[in-house]
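Open the model in your viewer and keep the selection panel at hand. The stops below run from the ligand to a strand and then to the cysteines.

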Amino acid sequence: MAAADQEARQRVVVITGAGQGIGAAIARRFADHGGRLVLVDVNQEHLRQLAGSLEGSGCEVLPITTDVSSKEQVGQLVEQVVEKFGAIDVLVNNAGIIRDNLISNISEQDWDQVLNVNLKGAFLCCQAVFPTLKKQRSGKIVNIVSRAWLGSIGQANYTASKGGLVSLTRSLALEFARFQINVNAVAPGLIDTPMTQGMPAEGRERLIRMQPTGKMGKVEDIAAAVAFLASDDAEFITGQVLHVDGGKSCGLLSL
Ligand code: NAP
């Protein structure tokens, strides 16, 4: 579908983990430009609040409570979106969790939960939207990974899930390219969200000190990068990881 036609009929944007933090900021960013927003989260109350705050923004909002690690629920989600809007233009795989620990203390359950939400969840969503995007001959998928995919002590389960998601991004970029579907990743550094606010204060302060910029990033920094990769300006960009991390992927400060 030509870009002009796509703009004309208002893009359908699906965002997982939209209930709070980075996902909610991505939703607000897309809402600024109208269109149809599908807000997906396990947390029904967060979705309700976000949808309420977007009332009057001029965009159509469809909140759907879904656990992205469930194939059945993801299938129902995509069915519902296609039935209502007849298209999917952008999928942002943002839902993610942490269960940090040193390797000896990572339980099998914590390993499975993190891999199931962060990696399998994105796989299920990509797989479920693919027939629609293929038929349209257009689509943008943006996966939220993490700077931590490069390696991080005490996060073996999380880094493995995000490293896996980078590989999934690159493989799907190749597989989908001939259908004009772009697949890219955004790798946030330390961003101020409920996820990082839940960290022990001392560890959080240490991480901020190690930041080249000496401060945390904002959710809006990530939303801006996602908006770019989902735009027509990124038409010839696929299979890439855009680090939005205040330089942390170049090295850590150890002053
Ligand atoms: P957050 O504040 O914890 O928000 C994540 C949202 O995803 C929550 O609303 C959460 O609901 C929801 N969620 C959890 N499991 C889900 C599931 N199975 N299905 C659907 N939704 C689910 O996290 P955030 O900091 O905004 O992070 C968003 C993404 O950015 C994650 O992928 C994270 O790994 C990545 N990231 C974050 C940072 C950072 O510094 N914050 C850095 C690098 C990468 P509940 O709250 O009810 O669990």
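**Stop 1: the ligand**

Select Ile-191 together with the ligand: a backbone N or O atom of this residue sits 2.8 Å from a ligand oxygen atom. Keep in mind that the model is predicted.

With the ligand still selected, consider its cover. On its own, the ligand has 890 Å² of accessible area, and the protein covers 89% of that. Now colour by secondary structure. Two or more residues of the surrounding shell come from each of α2 (21-31), α6 (156-176) and α7 (194-197). Of these, which gives the most to the shell? Helix α7 does, with three residues.

Next, add Asp-41. One of its polar side-chain atoms is 2.7 Å from an oxygen atom of the ligand. Then add Val-42, where the partner is a polar backbone atom, 3.4 Å from a ligand nitrogen atom.

Now show the whole shell. How many residues surround the ligand? The count is 28, and the closest are Asp-41, Asn-94, Tyr-158, Ile-191 and Thr-193. Colour the shell by residue class: 14 are nonpolar, 11 are polar and three are charged.

**Stop 2: Asn-184**

Leave the ligand and select strand β6, residues 181-188, which contains Asn-184. Is Asn-184 buried or exposed? Its relative accessible area is 0%, so Asn-184 is buried.

Follow the side chain of Asn-184. It reaches the backbone nitrogen of Gln-240 at 2.9 Å. Expand the selection to the contacts of Asn-184, setting aside neighbours within four places in sequence. Ile-141, Val-142 and Asn-143 are among them. So are Thr-169 and Leu-229. The run Ile-237, Thr-238, Gly-239 and Gln-240 completes the list.

**Stop 3: the cysteines**

Select the cysteines and display their sulfur atoms. How many disulfides does the structure hold? Zero.

Zoom in on Cys-126. Why is there no bond to Cys-125? The sulfur of Cys-125 is the closest cysteine sulfur to that of Cys-126, but the two are 7.1 Å apart, too far for a bond. The cut-off for a disulfide is a pair of cysteine sulfur atoms within 2.5 Å.

Check accessibility before you finish. Cys-126 has a relative accessible area of 2%, so Cys-126 is buried. Move on to Cys-59. Its relative accessibility is 12%, so Cys-59 also counts as buried, because the limit for buried is under 20%.

Methods: Residues are numbered from 1 along each chain as its sequence is written. This is a predicted model: local features need pLDDT of at least 70, side-chain atom pairs count only at pLDDT 80 or more; totals for chains, interfaces and linings use all residues. Side-chain values use heavy atoms; hydrogens and water are left out. Buried means under 20% relative accessible area, exposed over 50%, partly exposed in between (1.4 Å probe, protein chains only). A residue is near a molecule or strand if one of its heavy atoms lies within 4 Å of it. A polar contact is a pair of N or O atoms within 3.5 Å; within protein, one must be able to donate a hydrogen and the other to accept it, and residues adjacent in sequence count only if both atoms are side-chain atoms. Accessible areas come from the Shrake-Rupley method with a 1.4 Å probe; for residues, only the protein chains shown count as cover. Helices (H or I, at least four residues) and strands (E, at least two) are DSSP runs, numbered from the N terminus. Ala, Val, Leu, Ile, Met, Phe, Trp, Tyr, Cys and Pro count as nonpolar, Asp, Glu, Lys and Arg as charged, and the others, Gly among them, as polar. Contact means heavy atoms within 4.5 Å.
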